[in-house]
Amino acid sequence: MQAVFLDKGTFSDNIDLPAPAGVTDYITYDDTPQELIIERCQNADIIFTNKVQISADVIANLPKLKLIQLTATGMNNVDQDACAKHNVALYNVAGYAVKSVPEHTFMLMLTAMRAGIYYHEKVADGTWQDDGNFCLLDIPLIDLEDKTLGIIGVGTIGKRVTDIARAFGMTVLWAEHQGRTPRNEDYTAFDEVLAQSDVLSLHCPLNEQTKHIINKDTLAKMAKQPLIVNVARGGIVDSQALSDAINDEQIIGYATDVFEQEPIVKDDPLLTLADHPRVIFSPHNAWGSKSAQETLWQILSKQVSEFIDKHEKTTTNNT
């Protein structure tokens, strides 16, 4: 079978991404613009992609296509109804970043709470030397111990973040879905989590219920002026409302790996906060530790090889 990887460039250059067993013709591109997808995939049985948009029109114009294998968990970039209509299988990969994302979460959290980038710059630009004191402490360093961490989105990653937070001596609150009564004693009402949290960490999927769940109204309920950490999806947060909340000191900072448009656009209001000592950005790479990328490809390769094997057996049995 022929497999075409449309955006191999979303992986690190030093990660080996060999063709899965059963793929006899393997073509890779670092990136693929929309207008070239059909041309590049005319003979493809399998498409690999991370974030390229695969529309109904693309699927309808690829009669040989049997499988779209995403190199990510999210499936929003593929028209799933069209896959079903044209009998194209759609697979994603889950469980590969259960170490990488939680560790990145705490990198962001600690850097913001201790103004890490701000102080790095004060050493590098000569400010500390000019000050003359043995230490510089003009922005308070905030410990995690004894703070309350609210988690919105309690899946595998949210639970791993819980474990790490407790090791730091934090109290952890799991937020129930907005507007619902807590399902059991492990969960706390959504608005109560907003009110009690010193740090709020976002790990939920982006859907109709969670789009802009962090907005002007919910920000106003955050009584303790928390730090917000977002390693979920950019669209969960209303960027303008978030920026206003920091400028108005409703919250102390924002540490995020994700943005409403990626790469971030020049007029994103979050960029106006770039020099804030408790604002830190990373370019949607929380998922991408070396180990996580290698694990992802192992999972993907097994799935694809099993699909090919099953398809070939079915084809043989029908002839």
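Ile228 in strand E10 has Tyr254 as its bridge partner in strand E11. This is a predicted model. The pairing of E10 with E11, which spans residues 253-256, is parallel and runs over four bridges.

Now turn to the other neighbor of E10. Strand E9 covers residues 199-202 and is joined to E10 by four bridges. These two strands also run parallel. Here Leu200 is the residue whose bridge partner in E10 is Ile228. Ile228 therefore has a partner in each neighboring strand under the DSSP bridge assignment: Leu200 in one pairing and Tyr254 in the other.

What covers the faces of E10, and are its residues buried or exposed? Both faces of the strand, residues 227-230, are covered. Leu227 and Val229 lie on one side, and both are buried. Ile228 and Asn230 lie on the other side, and they are buried too.

Next, follow the chain from E10 to E11. Helix H10, residues 239-247, belongs to this path. Together, E10, H10 and E11 make a β-α-β unit, and the unit is right-handed.

Step back to the whole chain. It has 11 helices and 12 strands. Its C-alpha atoms fill a box of roughly 80 × 50 × 35 Å along the principal axes. Of its 319 residues, 45% count as buried. Take the contacts between residues at least 6 apart in sequence: 62% of them join residues at least 24 apart.

Finally, the surface. The chain exposes about 16,300 Å², and carbon and sulfur atoms supply 48% of that area. The chain carries 26 positive and 44 negative charges, and the mean positions of the two sets are 6 Å apart.

Note on methods. Residues are numbered from 1 along each chain as its sequence is written. This is a predicted model: local features need pLDDT of at least 70, side-chain atom pairs count only at pLDDT 80 or more; totals for chains, interfaces and linings use all residues. Side-chain values use heavy atoms; hydrogens and water are left out. Buried means under 20% relative accessible area, exposed over 50%, partly exposed in between (1.4 Å probe, protein chains only). A crossover is right-handed if, with the strands pointing away from the viewer, the path from the first strand over the helix to the second runs clockwise. Contact means heavy atoms within 4.5 Å. Accessible areas come from the Shrake-Rupley method with a 1.4 Å probe; for residues, only the protein chains shown count as cover. Lys and Arg count as positive and Asp and Glu as negative; His and the chain ends are not counted. The place of a charge is taken as NZ of Lys, CZ of Arg, CG of Asp or CD of Glu.
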